Amino acid sequence: MASTMFSLASVTPSASISLQDNLRPKLKLGTSSQRAFPRKDFMKAKSNGRTTMAVAVNVSRFEGITMAPPDPILGVSEAFKADTNELKLNLGVGAYRTEDLQPYVLNVVKKAENLILERGENKEYLPIEGLAAFNKVTAELLFGKDNPVLQQQRVATIQGLSGTGSLRIAAALIERYFPGSKILISSPTWGNHKNIFNDARVPWSEYRYYDPKTVGLDFAGMIEDIKAAPEGSFILLHGCAHNPTGIDPTPEQWEKIADVIQEKNHIPFFDVAYQGFASGSLDEDASSVRMFAARGMELLVAQSYSKNLGLYGERIGAINVLCSSADAATRVKSQLKRLARPMYSNPPIHGAKIVANVVGTPELFSEWKEEMEMMAGRIKSVRQKLYDSLSTKDKSGKDWSFILKQIGMFSFTGLNKAQSENMADKWHVYMTKDGRISLAGLSAAKCEYLADAIIDSYYNVS
């Protein structure tokens, strides 16, 4: 807060008024009716027989900054916390919960952390590109350990600040070295994608993805829009477990998507936030990326370990750029590091060491796969129970099988904004306004209650 003091001493009343009038235009802030010198800001003091009048004007240099709108996803959790009803459910944020709806720290993560402590490892700065051991295992996990693209050193990998930070670094690379290029994102997509590309000043448009009539994939629309995009566009694809719909292309559809991208000389850009967490198989969930790579295509892939290792607060991920040659990969990596340096200097160390220990230690790696299968299995079981509850309670004959066709932690219910608001206002079920629910935050015991809420909102709110 800037504070300005003016002393008006030994002046006649008329002179005081004149001086105030002269100062007012320079200090005035806000609407025309605002007074430059409110009465309460005047202070009088006597000194050596003279009367001194001091004027304090507090003017913020940040008056022009408006209030930002609340985050559409994180705001759901705030509303949930404020609700005192015992039946309340938070199905907004995509974070895994146990059957008791409590946060879960993987046992394998605890063991990896114990290894760090036992070794007495330090907390020194990492290089700009991150922990070398992490970068090696994360690329192997994504492409497959024996993939030729790794043996040929054609992948530039740097550690990023989870999925968001990795996407942001890639967006900066696009803005700097592909000026004017557009990126196509699915409609709908994860809420932060648009923010990331807007912030990086990368122009974007949408391709059709969700078909509200079938609550499924609008594959024909997707292909048509990718074909219509300017040649050389970037196409943002969800590697598995599409967020928010949970609707993934089939293997045959992925092949056709790759065909069109190659025909138009587009550059695929994968966001892989759920590898191993969607199907329970690390290899199956990476199959789309590996198929594109096997075709010899250059591509970008952002990775996150928030979901599959439960490392939400560690902010650990990576950006990978698959190039046509090792020389190109070396140059791309140098520029990724150059972009990262002024953003955050170097990434955090703790999460990177956890991932390196888990993926790089055979015993821990095997245990991790078992825990992932357990988590993915719990989500599949509540998905099935929710479907069963809806089918049993809904006597209209509506087909709810689209819920079973979706994959991953999310389900797109088909509820509109008003119906989603009814879920919170009447049923204390908190979800994003686009109708997405996180099944990871649902327990088997709550499935019937959720089914009642969905049926009521779907049929009684337009």
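Visitor: Let's start in the middle of a sheet. Which residue of strand 13 does Ala 302 stand opposite?

Guide: Ala 302 stands opposite Ile 319 in strand 13. Bear in mind as we go that this is a predicted model. Strand 12 and strand 13 (residues 316-322) run antiparallel and are paired over six bridges.

Visitor: And what joins strand 11 to strand 12?

Guide: Four bridges do, and there the two strands run parallel. Strand 11 covers residues 267-272, and its Asp 271 faces Ala 302. Ala 302 therefore has Asp 271 opposite in one pairing and Ile 319 opposite in the other.Visitor: How should I read the side chains of a strand?

Guide: In general, side chains of a regular strand alternate between the two faces of the sheet. Here, Leu 299, Val 301 and Gln 303 point one way from strand 12, while Leu 300, Ala 302 and Ser 304 point the other way.

Visitor: How many residues of strand 12 are buried?

Guide: Six of the six, so strand 12 (residues 299-304) is largely enclosed by the rest of the structure.

Visitor: Let's move to helices. How do I describe two that pack together?

Guide: The general idea is to give the angle between their axes and the distance between those axes. Take helix 4 (residues 132-143) and helix 13 (residues 350-360): their axes come within 9 Å and cross at roughly 55°. The two helices are therefore oblique to each other, and the crossing is left-handed.

Visitor: Which residues make the contact?

Guide: Helix 4 brings Ala 133, Phe 134, Val 137 and Leu 141. Helix 13 brings Ala 352, Val 355, Ala 356, Val 359 and Gly 360. Sorted by character, the residues of this contact are eight nonpolar, one polar and no charged.

Visitor: Is there a general pattern behind such spacings?

Guide: An α-helix has 3.6 residues a turn, so residues three or four places apart point the same way.

Visitor: Helix 4 also holds Glu 140. Is Glu 140 buried or exposed?

Guide: Glu 140 counts as buried, because its relative accessibility is 18% and the cut-off for buried is under 20%. Leaving aside residues up to four places away in sequence, Glu 140 touches Lys 145, Leu 150 and Arg 290.

Visitor: One more helix, please. Which residues are buried in helix 2?

Guide: In helix 2 (residues 74-82), the buried residues are Gly 75, Val 76, Ser 77 and Phe 80. They pack against strand 4 (89-90) and strand 15 (429-430).

Definitions and conventions: Residues are numbered from 1 along each chain as its sequence is written. This is a predicted model: local features need pLDDT of at least 70, side-chain atom pairs count only at pLDDT 80 or more; totals for chains, interfaces and linings use all residues. Side-chain values use heavy atoms; hydrogens and water are left out. Axes are lines fitted to C-alpha atoms, for helices over the stretch in contact, and angles run from 0 to 180 degrees between N-to-C directions. Angles under 35 degrees count as roughly parallel, over 145 as roughly antiparallel, 65 to 115 as roughly perpendicular and the rest as oblique. A crossing is left-handed if the near helix is turned anticlockwise from the far one by less than a right angle, and right-handed if clockwise. Contact means heavy atoms within 4.5 Å. Ala, Val, Leu, Ile, Met, Phe, Trp, Tyr, Cys and Pro count as nonpolar, Asp, Glu, Lys and Arg as charged, and the others, Gly among them, as polar. Buried means under 20% relative accessible area, exposed over 50%, partly exposed in between (1.4 Å probe, protein chains only). Two strands pair if DSSP finds at least two bridges between them.
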